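Trainee: Could you take one part of this model and go through it closely? I would like to hear about the covalent cross-links and the surroundings in which they sit.

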Amino acid sequence: MITVTNFQKHVLLIFCVSEHRDMKSMFRQVFLHWLLCSCTTQVSYQDENLVWLRNGASISLKEGNTEGRSSVCITPVIQADNGATFTCYLSKNSSLRDSITLNVTYGPQLSGSEEITVEKEEALVLQCDIWANPPVQSVSWTFNNTNVDLEATGLLETTDGFNTKLSNGRAVKSLHEGTYECSAIHAIYGRHTKTFYVTVTEKTFKFPLFPMIAGLVVVFLTILLAIIARCQRIMKCLKKFAVLF
């Protein structure tokens with residue numbers, strides 16, 4: 001969903017259309033995959049060239065799309081377009097201009113399921129993306145189809161508007177293994193959920209591979225240096241023995 005806001009309507013006028021309807025009035029909201037915005041001039045300026053900007057940066061226009069009437073197409077309209085300001089002005093008089101700002105609305109990217117395996121006494125972290133425009137109205141977590149009991153499970157819930165998270169520094173099989181679901185309610189796009197299937201396994205011994213390799217290298221070099229030193233002594237003795245005979 002998108003809202004287009006017109007700022008000025010003097011010599012120039014920007015109006016936008018989508019695959020659904022015209023968007024000439026302020027705060028007209030529509031669902032769309034593309035948006036075509038056109039800039040027109042009054043009759044007395046129809047021979048003038050037009051320039052488009054997006055957030056102050058020049059937009060490259062094809063030949064024939066600059067004189068008297070000019071258009072830009074945004075396709076597809078994505079989250080990154082939210083807050084983008086498109087400005088059209090006369091190339092010979094930049095003070096004669098019109099602008100629109102896009103307000104792209106979208107729900108949280110929250111769906112599907114994920115399998116999580118964590119070892120006993122390791123940290124357990126479950127996270128859901130709830131970023132939306134406008135922000136979600138509410139966020140909740142369930143564990144095995146009931147509301148999460150934070151006190152009983154020792155879980156910590158944190159929500160910052162971008163993500164909601166459940167975490168515990170030491171996973172316990174009897175407390176934390178099971179099915180979790182995070183839900184976010186959005187005023188426009190309704191309820192979105194994601195499911196986590198958590199399995200807590202026994203703690204496994206982690207062989208310290210890199211420290212062991214480093215230790216073996218040190219031992220090998222020590223032995224090698226000792227052998228070299230011993231060989232040097234043997235060579236000296238052989239030389240002395242050869243001189244005597």
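Mentor: What follows goes through the disulfides one by one, together with the strands that carry them.

The model is predicted. As background, the protein has 245 residues, of which 35% are buried. Its secondary structure comes to 3 helices and 18 strands. Of the contacts between residues at least 6 apart in sequence, 63% are between residues at least 24 apart. The exposed surface is about 15,400 Å², with 58% of that supplied by carbon and sulfur atoms.

A search of the whole structure gives 3 disulfides. Counting bonded cysteines along the chain, the pattern is 1-2, 3-4, 5-6.

Start with Cys16 and Cys37, whose sulfur atoms are joined at 2.1 Å. The torsion about this S-S bond is 105°, and the link is right-handed. It connects distant parts of the chain, with Cys16 in strand β2 and Cys37 in strand β5, 21 residues apart. Cys16 counts as buried because its relative accessibility is 1%. Cys37 has a relative accessibility of 0%, so Cys37 is buried too.

The two strands concerned are also paired through their backbones. Strand β2 (residues 12–18) runs antiparallel to β5, with 7 bridges between them. One of the matched pairs is Ser18, whose bridge partner in β5 is Leu35. In general, strands of a sheet pair through backbone hydrogen bonds, either parallel or antiparallel. The pair β2 and β5 is thus held in the model by bridges as well as by the disulfide between Cys16 and Cys37.

Strand β5 (residues 35–41) has 6 of its 7 residues buried. β5 also pairs with strand β8 (residues 69–74), again antiparallel, over 6 bridges. In that pairing Cys37 stands opposite Val72.

A further cysteine, Cys73, is the one to check for a missing bond. Its sulfur lies 8.6 Å from the closest cysteine sulfur, that of Cys37, which is too far for a bond. Cys73 has a relative accessible area of 46%, so Cys73 counts as partly exposed.

β5 also carries an end of the next disulfide. Cys39 and Cys88 are joined with an S to S distance of 2.1 Å. The torsion about this bond is about -85°, which means the disulfide is left-handed. The link spans 49 residues, from Cys39 in strand β5 to Cys88 in strand β9 (residues 85–90). Cys39 and Cys88 are both buried.

One polar contact in this part of the chain can be added. Asp98 is in strand β10 (residues 93–104). Its relative accessibility is 0%, so Asp98 counts as buried. The side chain of Asp98 comes to 2.8 Å from the backbone nitrogen of Ile14.

The remaining disulfide is between Cys128 and Cys182, with an S to S distance of 1.8 Å. The torsion here is about -90°, so this disulfide is left-handed. Cys128 is in strand β12 and Cys182 in strand β17 (residues 178–186), 54 residues apart. Cys128 counts as buried because its relative accessible area is 1%. For Cys182 the value is 0%, so Cys182 is buried too.

The strands at the two ends of this link appear in two separately listed sheets. β12 is part of an open sheet of 3 strands in the order β12-β16-β15, with antiparallel pairing. β12 (124–129) and β15 (156–159) are the edge strands, each with a single partner, so one side of each has no neighbour in the sheet. Neighbouring strands in this sheet are turned against each other by 15° on average, direction ignored. β12 and strand β16 (residues 163–168) are joined by 6 bridges in the antiparallel sense. Within that pairing, Leu124 has Asn168 as its bridge partner.

β17 belongs to an open sheet of 5 strands, ordered β11-β18-β17-β13-β14, whose pairing is mixed. The edges are β11 (113–119) and β14 (146–147); each has a single partner strand, so one side of each is left without a neighbour. At the β14 end, strand β13 (residues 138–143) and β14 run antiparallel and are joined by 2 bridges. Thr142 stands opposite Asn147 there. Cys182 is thus in a strand listed between β18 and β13, whereas Cys128 is in an edge strand.

How values were computed
Residues numbered from 1 in each chain as written. Predicted model: local features only at pLDDT ≥ 70, side-chain atom pairs only at ≥ 80, totals over all residues. Heavy atoms only, no water. Helix = DSSP H or I, 4+ residues; strand = E, 2+ residues; numbered from the N terminus. Buried < 20%, exposed > 50% of the residue type's maximum accessible area, 1.4 Å probe, protein only. Contact = heavy atoms within 4.5 Å. Areas by Shrake-Rupley, 256 points an atom, 1.4 Å probe, with all protein chains shown as cover. Pairing = 2+ DSSP bridges. Axes fitted to C-alpha atoms, helices over the stretch in contact; angles between N-to-C directions. Polar contact = N/O pair within 3.5 Å; in protein donor to acceptor, adjacent residues only side chain to side chain. Disulfide = S-S within 2.5 Å.
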